[in-house]
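Hello,

Here is the structure I promised to pass on. Please have a look, then read my notes below.

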Amino acid sequence: MNDFIKDSDKNLVQKLKANEIQAFDSLFHRYSEKLYNFSFSLLKNREDSKEIVQEAFIRIWEKRDNIDSSKSFKSYLFKISYNLIIDQLRNRLKEKEYREFLRAYFETENIEIESRVDYDTIKKRIEIAMDELPEKRKKVFVLSREAGLSNKEIAAKLGISVKTVENHINLSLRFIRERLGKDIIAILLFLSIFS
């Protein structure tokens with residue numbers, strides 16, 4: 001199992017397509033908690049959020065033959081999850097109390113929801129924002145989020161303190177959040193799943 005934990009998404013998807021259950025388990029462990037937190041942040045209901053996670057991964061398993069391992073697994077998971085959450089929100093909007101809760105929330109928060117959110121568009125917006133980061137901050141952020149290095153590993157690699165690494169990451173996240181604007185789903189997705 002340890003080898004599976006270290007595998008990239010691409011390798012795990014290739015193994016998943018070969019019906020390796022451990023690869024599915026690894027993808028589930030890698031993303032289920034983040035997906036749950038994202039779902040809960042929107043749905044505010046534990047059971048509904050658990051259902052979203054279960055249904056998303058059931059679909060991953062059922063459609064494993066159709067997953068393109070050369071493309072981003074995160075993108076594929078996002079598309080499935082996003083559609084499930086939107087469907088759930090539509091169902092919840094039929095409930096009067098939930099409609100009132102949402103109306104009050106959005107009046108106080110002044111937040112916009114785009115009718116369609118595309119993972120690739122959000123990713124592009126994040127990449128553009130990352131390109132605007134100062135060089136050192138961008139390097140720290142890429143090592144953290146894309147290379148998956150710990151703060152301690154980044155500090156050792158760049159010869160800076162762990163506190164400086166944390167500071168660079170926090171400032172990068174704040175800057176990227178600002179660049180995403182008020183698109184609540186994009187922001188929550190970025191913070192909950194992909195950061």
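Which residues of α2 are buried? They are Asp9, Leu12, Val13 and Leu16. Viewed down the axis of α2, these buried residues fall within an arc of 100°, so they line one face of the helix. Just past the end of α2, Asn19 has a positive phi of about 65°.

Before going further, a word on confidence. This is a predicted model. The mean pLDDT of the chain is 78. A pLDDT of 70 or more is reached by 73% of the residues. Among the elements, helix α4 (residues 46-62) has the highest mean, 93. Helix α11 (residues 184-192) has the lowest, 52. In two stretches the pLDDT drops below 50. One is residues 110-116, with 16 contacts in the model beyond near neighbours in sequence. The other is residues 191-195, where the corresponding number of contacts is 15.

Now the overall build. The chain has 11 helices and zero strands. It has 195 residues, and 39% of them are buried. Take the contacts with a separation of 6 or more: residues 24 or more positions apart account for 61% of them. The chain exposes about 11,700 Å². Carbon and sulfur atoms supply 47% of that area.

Next, the interior. As background, nonpolar side chains in soluble globular proteins tend to be buried together. The largest nonpolar core here holds 27 residues. Which of its members touch the most others? They are Leu16, Leu27, Leu35, Phe57, Ile60, Phe73 and Leu77. Four elements each give two or more residues to this core: α2 (9-17), α3 (21-43), α4 and α5 (73-93). Apart from this core lies another, of 16 residues. Its members include Phe141, Ile154, Ala155 and Ile169.

Leu16 deserves its own entry. This residue is one of the buried residues of α2, and it is also among the core members that touch the most others. What is Leu16 in contact with, leaving aside neighbours within four places in sequence? The list is Ala23, Phe24, Leu27, Ile60, Trp61, Arg64 and Ile67. Two of these partners, Leu27 and Ile60, also appear with Leu16 among the core members that touch the most others.

When you open the model, you could begin at Leu16 and follow its contacts to Leu27 and Ile60.

Best wishes

Methods. Residues are numbered from 1 along each chain as its sequence is written. This is a predicted model: local features need pLDDT of at least 70, side-chain atom pairs count only at pLDDT 80 or more; totals for chains, interfaces and linings use all residues. Side-chain values use heavy atoms; hydrogens and water are left out. pLDDT is the predictor's confidence in each residue, from 0 to 100. Contact means heavy atoms within 4.5 Å. A nonpolar core is a set of buried Ala, Val, Leu, Ile, Met, Phe, Trp, Tyr and Cys residues joined through side-chain atoms within 4.5 Å. Buried means under 20% relative accessible area, exposed over 50%, partly exposed in between (1.4 Å probe, protein chains only). Accessible areas come from the Shrake-Rupley method with a 1.4 Å probe; for residues, only the protein chains shown count as cover. The arc is that of the directions from the helix axis to the C-beta atoms.
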